[in-house]
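Here is a walk through the aromatic rings of a protein model, with a stop at a pair of helices along the way. Keep the viewer open and follow along.

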Amino acid sequence: MTPTIEQIHNFKGKYPKQLWYLFLSEMWERFCFYGMRGMLTLFMVDQLMMADGLANLRYGATQAFIYAFTFVGGLFADKIIGFRKSLFWGGILMIVGSIILSMGHLYMGMSNEFAFFFGLSFTVIGTGFFKPNISTMVGLLYKEGDERRDAGFTLFYSGINIGALLGGAICVWVGKHYSWHLAFGFAGIVMTISLLTFLFTEKTLGPIGLSPLATKEPHDKTLDIDGVATAPVEQDLVDIKTPKDKKWMEYATYIGSIAVIPLIYIMIKNTKYTDLFMYIVGPVALGLFIWEMLKYSKAEQKKLIAAMIFIVLSVLFWAIYEQAGGSLSLFAARNLHSDLLGVQMDPNSVNNGANSLFVITFAILFSFMWIWLAKRKMEPNTVVKFGLGFLFLGAGFLVFYSLRNFADEAGLSSLNVFVLAYLVITLGELSLSPIGLSIMTKLSPKPMQGTMMGLWFLASAYGQYVAGLFGASLSEGNENFTNYDNMMAYTAGYRQFAIYALVAGVLIILVSPWIKKLMQEVK
């Protein structure tokens with residue numbers, strides 16, 4: 001039986017059952033995403049013979065477009081196709097992208113480089129439709145004011161990281177030691193599992209995530225056949241379908257998303273177009289945000305301004321944090337011993353999996369900690385949590401900087417210290433990222449939640465873009481460097497990133513009372 005929204009909201013215990021289904025679907029999708037993320041820079045340098053700087057720029061461009069299109073995906077889900085259809089369509093595109101990455105060069109007559117960027121283009125669009133909307137549905141499982149929401153998002157975040165751990169560690173290991181094409185194919189298989197998981201459990205979501213264009217069709221003649229569903233979360237327990245005269249809007253969304261794939265291909269491959277895109281899309285997104293914000297009351301506008309402050313702050317956080325897939329990936333391949341606590345490990349598998357392993361280990365503890373502190377009126381507010389996230393991030397990059405103190409003459413340093421840095425960074429991530437997902441749904445009116453979640457991920461796009469620029473800057477003029485010289489150059493850059501993060505963390509905590517006033521009753 002399909003549940004009503006009231007039945008979903010009035011769940012018993014710490015977590016609604018629907019959260020576990022979304023947890024599983026997101027876990028496998030993140031396996032696919034982080035598996036490919038961990039391979040991108042290494043594949044470009046190792047197989048496509050790119051210079052480090054260019055590989056970092058193209059990595060940053062790819063990641064930037066992935067997150068930029070989460071804004072587009074959130075917008076179309078809000079206005080036209082709904083969260084469920086958006087998720088399904090995104091999953092299909094990601095599977096197609098994985099097939100091209102895996103088989104395009106071997107069986108489809110494509111060059112290795114063309115197959116790589118063409119497959120990535122499908123993945124960019126697919127992730128844009130998938131990622132923001134599953135997170136939004138998690139938020140809709142809770143009624144307003146439910147203090148269990150943060151705990152739910154923290155649990156959901158651990159699901160993301162189980163997939164990230166498995167995909168990041170396994171795919172890059174398979175790629176380096178067996179076949180890159182097999183590794184890309186493996187990512188496509190688990191994406192299929194993610195999509196099937198969602199299809200078999202979506203009925204438990206009741207009215208959550210259905211198309212806002214849909215009209216209510218009654219089970220019997222006693223119901224009003226002309227009732228219109230004004231928002232996915234407000235629909236009653238009836239059959240709801242998009243009317244035929246509005247179906248063209250859904251079809252146009254699907255066709256349009258495929259039509260822009262060649263454009264994405266061009267912009268990823270030519271990073272100067274990425275620069276132009278990022279200069280344009282930010283102001284446009286900001287204009288749309290202001291346009292939508294003006295439709296609401298002064299109180300709601302203040303909350304939306306607070307949400308935008310969090311979004312802007314997150315850009316710097318991700319610019320530093322996302323060195324993991326770029327410069328740190330190359331650093332792990334070249335500048336680390338393979339000994340981790342006496343066990344031989346592939347440094348790139350460790351680089352891709354250490355953070356996720358620590359999130360899995362500590363996410364539940366953080367979840368219970370927030371609940372325990374909230375019951376005792378001791379929980380720090382969201383702004384302070386953001387500040388703590390930056391302080392931990394800065395401390396972690398200081399540990400990366402310290403790797404130069406453990407380097408031998410060959411430029412190889414301690415994998416143990418490298419992992420310690422990820423532990424510190426993870427504490428910062430757990431203070432900021434899952435709380436960020438939650439606060440977007442708390443501060444946003446229901447009709448804007450998909451859009452605001454998309455803006456949150458658009459900020460990540462700018463963070464990824466800047467991360468690529470940061471990573472490329474570390475390798476400038478390094479063509480003739482020894483491995484030891486590269487070690488010194490990279491760690492010097494990490495010290496600079498640490499300073500940025502520490503200064504930002506202190507400033508955020510100092511201005512937290514003012515931001516808290518904008519948030520009003522939201523905690």
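Before we start, one cut-off: a residue is called buried when its relative accessible area is under 20%, exposed when over 50%, and partly exposed in between. Bear in mind, too, that this is a predicted model.

Let's begin with the rings. A pair of aromatic rings is described by the distance of the centres and the angle of the planes. Count the pairs here and you get 36. Take W28 and F31 as one example: their centres are 6.2 Å apart and their planes make an angle of 45 degrees, a tilted pair. Both residues belong to helix α2, which covers residues 17–46, and they are three residues apart, about one turn of the helix. Are these two residues buried or exposed? F31 has a relative accessibility of 3%, so it counts as buried. W28, on the other hand, comes out at 22% and is therefore partly exposed.

Now jump along the chain to F397 and F497. What kind of pair do they make? Their ring centres are 6.2 Å apart, but the planes stand at 70 degrees, so this one is edge-to-face. It also ties together distant parts of the chain, with F397 sitting in helix α13 (residues 382–402) and F497 in helix α16 (residues 483–510), 100 residues apart. F397 is buried at 1% relative accessibility, and F497 is buried as well, at 4%. The two rings don't stand alone, either: ring pairs join F397 and F497 into a cluster with F331, F400, F418, Y422, F470, Y490, Y494 and Y500.

Rings can have charged company as well. The charged end of R148 sits over the ring of F11, 3.8 Å from the ring's centre. R30 does something along those lines with F33, lying over the ring face at 4.1 Å from the centre.

Finally, back to α13, this time for its packing against another helix. Two packed helices are described by the angle between their axes and the distance between the axes. The partner is helix α17, residues 512–519, and the two axes come within 8 Å while crossing at roughly 135 degrees. That angle is why α13 and α17 count as oblique to each other. Which residues meet at this contact? From α13 come T382, V383 and V384, and from α17 come S512, I515, K516 and M519. Sorted by character, the contact has four nonpolar residues, two polar ones and one charged.

Note on methods
Residues numbered from 1 in each chain as written. Predicted model: local features only at pLDDT ≥ 70, side-chain atom pairs only at ≥ 80, totals over all residues. Heavy atoms only, no water. Phe/Tyr/Trp six-rings, centres within 6.5 Å; stacked < 30°, edge-to-face > 60°. Helix = DSSP H or I, 4+ residues; strand = E, 2+ residues; numbered from the N terminus. Buried < 20%, exposed > 50% of the residue type's maximum accessible area, 1.4 Å probe, protein only. Lys NZ or Arg CZ within 6 Å of the ring centre and 35° of its normal. Axes fitted to C-alpha atoms, helices over the stretch in contact; angles between N-to-C directions. Parallel < 35°, antiparallel > 145°, perpendicular 65-115°, else oblique. Contact = heavy atoms within 4.5 Å. Nonpolar A, V, L, I, M, F, W, Y, C, P; charged D, E, K, R; others polar.
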